[in-house]
Amino acid sequence: VYGEVKVMSLEKQIYDKMSHLPAARTPHFNIYYYQGGVAEKEIDTIKTQREVAYEKIAEYLGFTEDLKMDLYLFEDENTKAEVTGYIGAGLAYGKCMAEVYNAQCKLNPYHELVHIIAGYMYGDSVSAMAEGLAVYLTNNLNDMQVCSYDMDEVNGAYDEKVREFKQSGELFALKDLLSLSIGTEESKPDISYRQAASLVEFTIKAIGKHNFFNLYASLSSADINDAIEKIETAYKQKIEDIEKQWLEYVIK
Ligand SMILES: [Zn+2]
């Protein structure tokens, strides 16, 4: 969410700048934080929340390996941008996560972790499927009240919002949604994250979890026509019919 990126040496660049900080260790995370900051005060809660999130996501995805990740908690967006080179509250790349963590902004522990584990299992999918899965699973697995922060708002309950966007005619056409790089300004994040989550929910219901993940793994953002062909094959339906049924599902 908020501008995930792919740069080969990014993990090492961040590690080199941040590894002098104190770190809390859990079975799956090295959590780096600033001394005296909010994260340090709440580190025991953070450790528990991250491991619970890992367990739930792994269970849902049927993931049995143990990944070890580096999680960097920044006190503000500017420092995070300086260190990582990317603006926004969250970042997931390889086995590295960077997030803003302060009194006003605490990202839910699910979204970026879904990207890491799903990416490890299935590679990159189209943006709509990757972001949709992250928001969908955040909604379905997260039992904590962590979506009250503005910056994490797109991860909150999406059904009602998607219905409103449908009624106001603001939803993207399915082909356009699949072509978007979600999180960018042109993607209208308020709409596209939620609409993508709704698409993932509908697809899992329509073709089943197993077929969904086969489809997910086969999609790459490189070629939209190829993506549409694969979706039509998975659904055994034309894209126009899929879209029609999905919109009916949204307003029901
Ligand atoms: Zn994301």
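Here is a short set of questions and answers about this predicted model.

User: How are the residues numbered, and what limits apply to this model?
Analyst: Residues are numbered from 1 along each chain as its sequence is written, and side-chain values use heavy atoms, with hydrogens and water left out. This is a predicted model, where local features need pLDDT of at least 70, side-chain atom pairs count only at pLDDT 80 or more, and totals for chains, interfaces and linings use all residues.

User: How far does helix α9 reach from its first C-alpha to its last?
Analyst: Helices here are DSSP runs (H or I, at least four residues), strands are E runs of at least two, and both are numbered from the N terminus. The expected span of a helix is 1.5 Å times one less than its number of residues. Helix α9 covers residues 189-207, 19 residues for which 27 Å is expected. The reach in the model is close to that, at 26 Å.

User: How many of the residues of α9 are buried?
Analyst: Buried means under 20% relative accessible area, exposed means over 50%, and partly exposed lies in between (1.4 Å probe, protein chains only). Helix α9 has 19 residues and is mostly covered. The buried number is 15.

User: Which residue just after α9 takes a positive phi?
Analyst: Most residues other than glycine have a negative phi. The residue just after α9 has a phi of about 90°. That residue is G208.

User: Is K188, in the loop between α8 and α9, buried, partly exposed or exposed?
Analyst: K188 sits in the loop between α8 (174-179) and α9. Its phi is positive, about 45°, although K188 is not a glycine. Because its relative accessible area is 48%, K188 is partly exposed.

User: And is K236 buried or exposed?
Analyst: K236 is placed in the loop between α11 (224-235) and α12. Its phi is near 55°, a positive value in a residue other than glycine. With 75% relative accessibility, K236 counts as exposed.

User: Why does the span of helix α6 agree with what is expected?
Analyst: Helix α6 runs over residues 127-141, and 13 of its 15 residues are buried. At 1.5 Å a residue those 15 residues should span 21 Å. The span agrees because the end C-alpha atoms are 21 Å apart.

User: Which residues outside its sequence neighbourhood is M129 in contact with?
Analyst: A nonpolar core is a set of buried Ala, Val, Leu, Ile, Met, Phe, Trp, Tyr and Cys residues joined through side-chain atoms within 4.5 Å. The largest one has 71 residues, and M129 is among those that touch the most other members, together with Y54, L113, L133, L178 and I231. Contact means heavy atoms within 4.5 Å. Leaving aside neighbours within four places in sequence, M129 is in contact with L199, V200, F212, L215, Y216, L219 and I231.

User: How many residues are in the other core that lies apart from it?
Analyst: This other core includes F74, V83, Y93 and A98. Its number of residues is 12.

User: How far apart are the C-alpha atoms of Y216 and V200?
Analyst: Y216 lies in helix α10 (residues 209-218), and at 3% relative accessibility Y216 counts as buried. Beyond four places in sequence, Y216 touches A118, Y122, G123, S125, M129, A130 and L133. Y216 and V200 are 16 residues apart along the chain, and their C-alpha atoms are separated by 9.7 Å.

User: Is the crossing of α3 and α5 left-handed or right-handed?
Analyst: Helix α3 (residues 43-61) and helix α5 (residues 111-122) pack at about 35°, with axes 10 Å apart; axes are lines fitted to C-alpha atoms, for helices over the stretch in contact, and angles run from 0 to 180 degrees between N-to-C directions. The residues making the contact include Y54 and I57 of α3 and L113 and I117 of α5. A crossing is left-handed if the near helix is turned anticlockwise from the far one by less than a right angle, and right-handed if clockwise. The crossing of α3 and α5 is right-handed.

User: Which residues of α12 meet α7?
Analyst: The axes of α7 (residues 159-167) and α12 (residues 239-251) come within 9 Å and cross at roughly 115°. The crossing is left-handed. From α7 come V162, R163 and K166, and they meet, in α12, L247, V250 and I251.
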